[in-house]
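Visitor: I'm new to protein structures. Could you show me how to read one?
Guide: Sure, let's have a look together.

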Amino acid sequence: MAAEMMRVCVPDVEMDLVEAGGDGGDVMAVVESCMELVNEIAGVGECRIYLKKEGANLVRRLKLLAPMFEELREMKQPLLKDNTLQAMQSLRSALKHAVEILKFSHDGSKLFMALERKQIAGKFHSVTTQLEQALSELAYEELGLSDEVREQVELVHAQFKRAKGRADTPDLELEKDLSTVLSQRSDRDVDQPVLRRLAEKLQLKTIADLKQESLALHDIVIRCGDADERLEQMSGILRRLKDLLLTENPEMDAPDSEKGSNTCGGLTDKSSSPVIPDEFRCPISLELMKDPVIVATGQTYERSCIQKWIDSGHRTCPKTQQMLPHVVLTPNYVLRSLIAQWCETNGVELPKRTGCSRYGKACGSMLDNSGDRATVDVLLQKLSSGTAEDQRAAAGELRLLAKRNADNRICIAEAGAIPLLVNLLSTPDARTQEHAVTALLNLSIYENNKGAIVMSGAILPIVEVLKVGSMEARENAAATLFSLSVVDENKITIGASGAIPALVGLLCEGSQRGKKDAATALFNLSIYQGNKARAVRAGVVSPLMQLLVDPSAGMVDEALAILAILASHQEGKIAIGNADAIPILVELIRVGSPRNRENAAAVLLALCTSDPQHLVAARELGAYEPLSDLVQNGTARAKRKAASLLEHINRSEQPPSS
């Protein structure tokens with residue numbers, strides 16, 4: 001189990017495979033990416049507890065690589081040999097892994113890192129080895145670095161080489177203390193001096209420290225799924241540390257007004273810090289619940305904890321492991337009332353419902369002061385069990401709220417609105433359907449909501465709206481699919497759902513806005529190789545060609561961009577070639593905008609390299625002159641495409657050797 005937790009919870013830093021080859025644009029993309037990663041590393045805070053030294057050394061060394069990437073960026077190196085480019089790609093991969101392990105060491109659970117110290121130290125060693133290897137493969141002469149920068153990079157390489165061979169020094173006392181605490185089954189058997197030493201070494205000495213550690217353990221539960229034995233051990237140690245802290249310092253957990261009122265000659269009574277009943281604790285975070293909600297299995301959780309669980313892609317109940325037939329969260333008002341009564345009876349400050357904001361704001365402030373979470377709950381009640389008029393009005397109000405700002409989108413989604421809105425996509429009421437699909441569109445703007453929408457089974461109903469809804473509903477359905485397709489795995493799901501033929505239909509018969517929404521979605525979906533053939537077979541090439549010759553439609557940019565993607569697929573090349581595209585492409589290279597000339601040249605190059613007849617046609621249409629101009633005055637990519645086309649044309653004009 002512990003090995004499985006390590007696999008899921010700690011970043012995987014095994015070296016990625018990289019492909020050799022690429023043109024100058026690829027080089028600059030790699031350099032830019034490396035520069036961004038180094039800047040990100042510089043912004044990571046110090047690692048926690050005993051990993052501070054390892055983390056600080058790694059950050060310090062990697063920051064010294066920044067001048068190399070800055071020089072390369074300023075040089076705009078057009079071309080590197082394959083082995084040097086591959087070394088740069090390996091370095092980028094190693095930097096990515098460095099970012100991941102540093103962030104984990106900064107934000108992760110101290111207890112987890114203490115218990116799995118050897119494995120995590122191994123991750124640091126693996127990253128060090130990858131960085132050393134990547135730096136050893138760089139050809140500094142080819143990079144053209146200044147002497148000062150080269151000397152600095154070589155120094156960093158030497159430091160990584162020494163660090164790679166350095167053995168890790170274990171903290172034997174910490175390991176012994178952890179083993180002692182874990183072996184003590186009863187709280188009464190706990191050795192208090194050992195606990196104090198643990199609290200000191202792990203820097204878990206205040207209520208704030210313990211709360212942060214509890215949140216870190218909560219994140220592990222979210223990522224790992226089942227709460228295995230190792231998680232139970234960590235939760236047990238954390239609980240004992242908290243009991244020790246409150247026993248010795250009861251004022252730490254008391255309201256400011258009560259601090260100092262329960263002491264007598266320096267002696268304290270443990271009863272001044274009442275034990276929270278288990279039924280009032282969230283099974284995930286083990287903290288007193290502020291906003292308890294019931295899931296489909298009947299179990300109750302803290303809203304923010306179970307919502308994070310669901311947003312992470314889980315569809316089971318964390319406690320029972322039963323499948324959740326739906327992800328609607330129902331407020332547990334009875335338990336909330338009991339918690340309030342218990343807090344009042346025991347003199348405990350009632351937890352404030354920060355509720356639906358991940359940024360710590362109250363829901364009322366998010367919803368333009370129109371009310372607290374109860375306002376959203378009322379709207380959701382109308383969605384689920386109200387009359388047709390109530391559903392229409394509630395969906396319309398949620399649509400507007402979700403449009404206003406990001407906080408509203410977070411709040412509405414966490415309240416459980418998404419599954420209810422998905423259900424309304426199949427309503428016969430056209431206006432309600434429009435409100436529902438547009439509300440989902442607005443909610444999807446917030447990145448974390450995209451997964452929740454897809455997990456709620458929204459794709460097929462959205463596609464159905466795209467096929468048969470009103471024009472407004474179809475437009476917004478297309479826009480929603482575009483928003484969701486920003487996530488790469490969603491491109492596959494949406495493409496397999498039958499969305500592409502429906503989008504092609506909207507591209508043919510939609511309003512001006514509808515055509516643009518359809519084109520944008522088709523462009524994004526066609527980035528995935530498998531969707532290119534689907535688009536071609538759905539007949540997308542014909543309406544795209546029509547848009548190219550109709551400047552009044554204002555969609556030449558969109559049409560050419562999609563054709564440029566489809567031209568990388570064999571079926572796309574054939575379909576575009578059969579649509580008599582060569583004259584149109586040559587004309588666009590001659591008179592189009594810089595971006596249009598670039599894409600037209602890319603499409604023409606793809607066609608001419610796949611079929612010599614297209615090359616002959618382009619030459620006869622006078623493509624040589626505009627291509628020559630493009631080599632001189634085009635964008636960097638356009639110059640490369642035009643130069644390649646001219647080379648093919650010149651080669652085709654040469655008589656075959658006898």
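Guide: We'll go through the cores, one helix and one histidine. This is a predicted model, where local features need pLDDT of at least 70, side-chain atom pairs count only at pLDDT 80 or more, and totals for chains, interfaces and linings use all residues. Residues are numbered from 1 along each chain as its sequence is written, and side-chain values use heavy atoms, with hydrogens and water left out.

Visitor: How many residues does the largest nonpolar core have?
Guide: In soluble globular proteins, nonpolar side chains tend to be buried together. A nonpolar core is a set of buried Ala, Val, Leu, Ile, Met, Phe, Trp, Tyr and Cys residues joined through side-chain atoms within 4.5 Å. Buried means under 20% relative accessible area, exposed over 50%, partly exposed in between (1.4 Å probe, protein chains only). Here the largest core has 98 residues, and Leu383, Leu548 and Ile576 are among those with the most contacts inside it. Helix α33 (residues 594-610) gives the largest share, eight residues. Helices are DSSP runs (H or I, at least four residues), numbered from the N terminus. Another core, of 66 residues, lies apart and includes Val59 and Phe104.

Visitor: Which residues does Ile576 touch, beyond its neighbours within four places in sequence?
Guide: Contact means heavy atoms within 4.5 Å. Among the partners of Ile576 are Val541, Leu563 and Leu607.

Visitor: Which residues are buried in helix α28?
Guide: Asn531, Lys532, Ala533, Ala535 and Val536 are. Their cover includes α25 (488-496) and α31 (570-578).

Visitor: Why does His106 count as partly exposed?
Guide: Because its relative accessibility is 29%. His106 lies in helix α5 (residues 82-107).

Conventions
Helix = DSSP H or I, 4+ residues; strand = E, 2+ residues; numbered from the N terminus.
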